[in-house]
Amino acid sequence: MEWILLFVAGILGGVLNSVAGGGSFITFPALLFVGIPPIAANATNTFAVCAGYISGAYGFRKDIAKHPEVIIFTVIWSLVGGVIGAYLLLNITESLFLEAIPWLLLFATLLFIFGQQISYFATKLAQRASISSRWGTVVLALCLVLVSAYGGFFNAGLGVIVLSYLVLAGYKDINQMNGLKLLVSSSVSLVAIAIFVTEGVIDWSRGSVVMAGTLLGGYVAASISRNIKQQHVRTFIALSSISMTIYFFIDVYW
């Protein structure tokens, strides 16, 4: 039953990630539910969803390559942030991370629900910004490091934050933005996984089951996504994430 639960959670997560994002709201709690300790569950979830990021980035490779000079900048600072986030995760206690889970889920839930408003605010901020190109580059690098550090520490909600960063950076081509979002997510996940491997915190067997489910879910989503209104999917994700957040607040603090 455990393997079935994880596989089904992976399928749902893969479908959600392909259609609207937010798959970690399903896969991460599922890993916790089967008894994996919080930090290991978070690391395992990062491993499980990474394949979807990489395959997605490959699918957008032509859009990413439109501005090749951006790729090195994006990858380098994403790797730096991912290292910082993974290091922070592995250097806090299990109990402290457990107490942080409800707040992290709440933050990710708010990001998902209000992602469009955040992007709109970022657009206005980018339009009003009047700083030199040198300082602009420094600010954008710092923002990308912070965004990537969040992803290395806790994967849920990363896509929304990255899209907001890309809006702030002045990107307007939605296909290129989705490609760069997946490039950032892939870079962060890969370097975080490398660090998690050295510490032995990934549950490979369970994580592989979830990964297999996400790959199948992503493939299925390609054929069904056109028949489902994205707003319905987003509503389902929002309700699921709110429910998960409430559950973990009760479980941890009640």
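# Exercises on a predicted helical model

In this predicted model, the end C-alpha atoms of residues 31–58 are 27 Å apart, and the span is 86% helix and 0% strand.

**Exercise 1.** State which record marks residues 31–58, and describe the span 96–114 in the same terms.

*Solution.*
Step 1. The unreviewed UniProt entry gives the feature "transmembrane region" at residues 31–58, 70–90, 96–114, 135–168, 180–202 and 233–250.
Step 2. For residues 96–114, the end C-alpha atoms lie 27 Å apart, with 95% helix and 0% strand.

**Exercise 2.** Determine where the confidence of the prediction is lowest and where it is highest among the elements.

*Solution.*
Step 1. For the protein chain, the mean pLDDT is 85, and 88% of the residues reach 70 or more.
Step 2. Among the elements, helix α7 (residues 115–128) has the lowest mean pLDDT, 68, while helix α5 (residues 68–90) has the highest, 93.
Step 3. Where pLDDT is low, one should not read the predicted coordinates in detail.

**Exercise 3.** Decide whether T109 is buried or exposed, and list its surroundings.

*Solution.*
Step 1. T109 belongs to helix α6 (residues 94–113).
Step 2. Its relative accessibility is 3%; because the buried class lies under 20%, T109 counts as buried.
Step 3. Not counting residues up to four places away in sequence, T109 touches F25, S241, I242 and T245.
Step 4. With T245 there is also a polar contact between the two side chains, at 3.3 Å.

**Exercise 4.** Carry out the corresponding analysis for S185.

*Solution.*
Step 1. S185 is placed in helix α10 (residues 174–199).
Step 2. A relative accessibility of 2% makes S185 buried.
Step 3. A polar atom of the S185 side chain lies 2.9 Å from the backbone oxygen of K181.
Step 4. With neighbours within four places in sequence left aside, S185 is in contact with Y53 and L158.

**Exercise 5.** Identify the residues with the most contacts inside the largest nonpolar core, and examine I101 as one of them.

*Solution.*
Step 1. This core has 59 residues, and those with the most contacts inside it are L6, F28, F97, I101, F154, L166 and F196.
Step 2. Apart from neighbours within four places in sequence, I101 contacts F28, L32, P38 and F248.

**Exercise 6.** Find how far I250 and P102 are from each other in sequence and in space.

*Solution.*
Step 1. I250 is found in helix α12 (residues 230–253), and its 45% relative accessibility counts as partly exposed.
Step 2. I250 and P102 are separated by 148 residues in sequence, yet by 8.9 Å in space, C-alpha to C-alpha.

**Exercise 7.** Establish how many salt bridges the whole structure holds, and trace those that involve K66 and E2.

*Solution.*
Step 1. Side chains of opposite charge can pair when their charged atoms come close.
Step 2. A search of the whole structure finds four salt bridges.
Step 3. K66 pairs with D63 in a salt bridge, the closest N and O atoms being 3.7 Å apart. K66 is partly exposed at 45% relative accessible area, whereas D63 is buried at 17%.
Step 4. D173 also forms a salt bridge with K66, the closest N and O atoms being 2.8 Å apart. This pair links distant parts of the chain: D173 is in the loop between α9 (158–168) and α10, K66 in the loop between α4 (61–64) and α5, 107 residues apart.
Step 5. E2 and R206 meet in a salt bridge through their side chains (2.8 Å, N to O). Here E2 in helix α1 (residues 2–19) and R206 in helix α11 (residues 204–224) are 204 residues apart.
Step 6. E2, D203 and R206 are linked in a salt-bridge network.

Terms used. Residues are numbered from 1 along each chain as its sequence is written. This is a predicted model: local features need pLDDT of at least 70, side-chain atom pairs count only at pLDDT 80 or more; totals for chains, interfaces and linings use all residues. Side-chain values use heavy atoms; hydrogens and water are left out. pLDDT is the predictor's confidence in each residue, from 0 to 100. Helices (H or I, at least four residues) and strands (E, at least two) are DSSP runs, numbered from the N terminus. Buried means under 20% relative accessible area, exposed over 50%, partly exposed in between (1.4 Å probe, protein chains only). A polar contact is a pair of N or O atoms within 3.5 Å; within protein, one must be able to donate a hydrogen and the other to accept it, and residues adjacent in sequence count only if both atoms are side-chain atoms. Contact means heavy atoms within 4.5 Å. A nonpolar core is a set of buried Ala, Val, Leu, Ile, Met, Phe, Trp, Tyr and Cys residues joined through side-chain atoms within 4.5 Å. UniProt positions are given in the numbering used here, feature names are shortened, and annotations may be inferred rather than shown by experiment.
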